[in-house]
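Thanks for coming, everyone. Let me put the structure on the screen, and then we will walk through its strands, its ligand and a pocket.

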Amino acid sequence: MDMDPDAIRPGEAAIELPTDFDAGLYFIGRIRTPWRHRSECPKNANESRAAGIACTIEVDERYAAALTGIGTCTHLLVLYWMHQARRDLVIQSPRHHGAARGTFALRSPVRPNPVAASIVELARVEGTRLTVIGLDCLDGTPLVDLKPHFAAADAVVETTVGRYAEQKIDG
Ligand SMILES: C[S@@+](CC[C@H](N)C(=O)[O-])C[C@H]1O[C@@H](n2cnc3c(N)ncnc32)[C@H](O)[C@@H]1O
């Protein structure tokens, strides 16, 4: 169970957010996962992929036609909305690596627009329900978009993120 997942830690900083939004968005479905509390979720897609945990993406019937051909994809880029994340932190000290860093240097769900991204393996398509492997979010997390993952176009293999230079994983 999360203690207080929204509490500000030492060294973190919050800002006042703009009073108005610049755009609206349509959630296109929900993600069903085994995790009910943030502390239970895998830290990132790597962990979830390694464990082979299957989750279900439920796309709203309204968008059924937009799934035409999706079964030909082995992997998808999933964009989702971290609906329980606070949005006002600009400096964060993630629990698993302590040092304070800017929000845009982190993969934390806490950001002005709490959009998360994961590459998932597409295991099965049954109507508007997709079984996928490689997600890390709470049960009920809203779905923002689905796109085919093109390894050749999307992957830049020789990248580093300072603190993970030796491990070569995302944060
Ligand atoms: C570090 S984020 C990475 C998300 C995504 N793979 C990315 O890189 O954009 C994953 C963590 O976000 C938290 N989380 C999961 N679902 C959430 C939700 N719906 N709202 C807020 N936080 C969530 C959990 O603590 C989980 O371990």
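**Strands, ligand, pocket**

Start at I91, which stands opposite G102 in β6. This is a predicted model: local features need pLDDT of at least 70, side-chain atom pairs count only at pLDDT 80 or more, and totals for chains, interfaces and linings use all residues. Residues are numbered from 1 along each chain as its sequence is written, and side-chain values use heavy atoms, with hydrogens and water left out.

Back to that spot. Strand β5 covers residues 89-92, and two bridges join β5 to β6. The two run antiparallel. A word on terms: strands are DSSP runs of E, at least two residues, numbered from the N terminus. Two strands pair if DSSP finds at least two bridges between them. Next to I91, look at Q92: Q92 stands opposite R101 in β6.

What is the bridge partner of A13 in β5? It is I91 again. Two bridges join β1 to β5, also antiparallel. Put that together and you have an open sheet of three strands, in the order β1-β5-β6, with antiparallel pairing. The edge strands are β1 (13-14) and β6 (101-102), as each pairs on one side only.

In general, strands of a sheet pair through backbone hydrogen bonds, either parallel or antiparallel.

Now the other strands. β2 (residues 29-32) and β3 (residues 54-59) run antiparallel, joined by four bridges. I31 stands opposite I57 there. β3 also pairs with β8 (residues 129-133), antiparallel, over five bridges. Find A54: I133 in β8 stands opposite.

I133 turns up once more, as the bridge partner of E121. That belongs to β7 and β8, which five bridges join in the antiparallel sense. The two form a hairpin with two residues between the strands, and G127 takes a positive phi near 60 degrees in that hairpin. Then β4 (residues 75-81): seven bridges join β4 to β7, antiparallel. W81 stands opposite V115 in β7.

On to the ligand. Which residues come nearest to the ligand? Of the 18 around it, they are P42, H83, R107, A117 and D136. Around means near, with a heavy atom within 4 Å. β7 (residues 115-126) gives the most to this shell, with three residues. By class, the shell has ten nonpolar, four polar and four charged residues. Nonpolar covers Ala, Val, Leu, Ile, Met, Phe, Trp, Tyr, Cys and Pro; charged covers Asp, Glu, Lys and Arg; the others, Gly among them, are polar.

Now polar contacts, meaning pairs of N or O atoms within 3.5 Å. A backbone N or O atom of A117 lies 2.9 Å from a ligand oxygen atom. For R38, a backbone N or O atom lies 3.3 Å from an oxygen atom of the ligand. T141 uses its side chain: an N or O atom there is 3.0 Å from a ligand nitrogen atom. Taken alone, the ligand exposes 610 Å², and the protein buries 92% of that. Those areas come from the Shrake-Rupley method with a 1.4 Å probe.

Last stop, the second largest pocket. Its volume is about 360 Å³. A pocket here is an open set of points on a 1 Å grid over the protein atoms alone, where a 1.4 Å probe fits, with protein on both sides within 12 Å along at least five of seven lines. Volume is the space filled by probe spheres set on the points. Lining residues have an atom within 4 Å of a point. This pocket has 13 of them, and F21, D22, R87, P112 and N113 lie nearest its centre. The lining divides into seven nonpolar, three polar and three charged.

Key
Polar contact = N/O pair within 3.5 Å; in protein donor to acceptor, adjacent residues only side chain to side chain.
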